[in-house]
Amino acid sequence: KKLHKIVPEIIDLFVTPLVTVLVTGYLTLTIFGPVFSWVENGVLEGAQWLITLPFGIGAALCGAVYAPTVVAGVHHMPIATAANVGQGAAALALALKTKNSKVKALALPSSLSAFLGITEPAIFGVNIRYMKPFVAGMIGGACGALIAGWTGIGATAYGVTGLFGYLITTDDTLQYTLVIAVAFVVSFVISWVLYH
């Protein structure tokens, strides 16, 4: 805003964006980048430590807090499927219960995309808007992740969640199904009960 006031209008369209990008880039590389790299490593180490907590407690905590990490954009962490399915099931409950056709038209497809591992439409488009489904999804995600922790489920690759996660959990298919089922049922029921 200050540059727009200082720079002459004839060169403002070129100079202001250029200077803004250069200054921002410099600050990012020299100050913000190193600080956030340190924070990111701390979060990663914390998540790794959490998962090792006994009785699946750490996995449950990761499953509970996974959805808020999506909101913050730092969501590449373990135990994602339970959290994704939980948010999808919460949005699905809202879709089936609401009388508002616009909300239903948004919630139904976004819940289906969450089951495939893409939760942003369900989280940002539906669940956070009504908040109770978001919390329901977090609770279901925690419960599903608790099952994952108890059963010691493992994957052969990283990055695929939801129903596509079956491709990388071939040694733990039954446990993976249980994780999905628990996350779905708990989230759906809580969201159904809480949403009016």
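Of the 196 residues of the chain, 37% count as buried, in what is a predicted model. The accessible surface of the chain comes to about 11300 Å², and carbon and sulfur atoms account for 75% of that area.

**Overall fold**

The secondary structure consists of eight helices and zero strands, so that, read from one end of the sequence to the other, the chain follows the pattern α-α-α-α-α-α-α-α. The chain is more spread out than a compact globule, because its radius of gyration is 21 Å, well over the 16 Å that the globule rule gives for 196 residues. Along the principal axes, the C-alpha trace spans about 65 × 45 × 25 Å. Among contacts between residues at least 6 apart in sequence, 62% join residues that are at least 24 apart.

**Helix α2 and a nonpolar patch**

On the surface, I31, F32, V35, F36, W38, V39 and V43 make a nonpolar patch of about 730 Å². One of these residues, I31, lies in helix α2, which covers residues 9-51, and I31 counts as partly exposed, with a relative accessibility of 43%.

**A buried loop residue**

T119 is placed in the loop between α5 (101-115) and α6 (120-130). At 3% relative accessibility, T119 counts as buried, and when residues up to four places away in sequence are left aside, T119 touches V70, N84 and A114.

**Cysteines**

The structure holds zero disulfides. A disulfide is a covalent bond between the sulfur atoms of two cysteines. For C62, the closest cysteine sulfur is that of C143, and because the two sulfurs are 14 Å apart, they are too far from each other for a bond; the cut-off for a disulfide is a pair of cysteine sulfur atoms within 2.5 Å. Taken from the other side, the closest cysteine sulfur to that of C143 is in C62, again at 14 Å and too far for a bond. As for their surroundings, C62 is buried, with a relative accessible area of 1%, whereas C143 counts as partly exposed at 28% relative accessibility.

The accessibility of the individual residues discussed above is set out here.

| Residue | Relative accessible area | Class |
|---|---|---|
| C62 | 1% | buried |
| T119 | 3% | buried |
| C143 | 28% | partly exposed |
| I31 | 43% | partly exposed |

The two buried entries rest on the cut-off of under 20% relative accessible area, while partly exposed residues fall between that value and 50%.

Conventions:
Residues numbered from 1 in each chain as written. Predicted model: local features only at pLDDT ≥ 70, side-chain atom pairs only at ≥ 80, totals over all residues. Heavy atoms only, no water. Buried < 20%, exposed > 50% of the residue type's maximum accessible area, 1.4 Å probe, protein only. Patch = residues over 30% accessible without salt bridge, like charges linked within 9 Å, V, L, I, M, F, W, Y side chains within 5 Å. Areas by Shrake-Rupley, 256 points an atom, 1.4 Å probe, with all protein chains shown as cover. Salt bridge = Lys/Arg side-chain N within 4 Å of Asp/Glu carboxyl O. Helix = DSSP H or I, 4+ residues; strand = E, 2+ residues; numbered from the N terminus. Contact = heavy atoms within 4.5 Å. Rg over C-alpha atoms; globule rule 2.2 N^0.38 Å.
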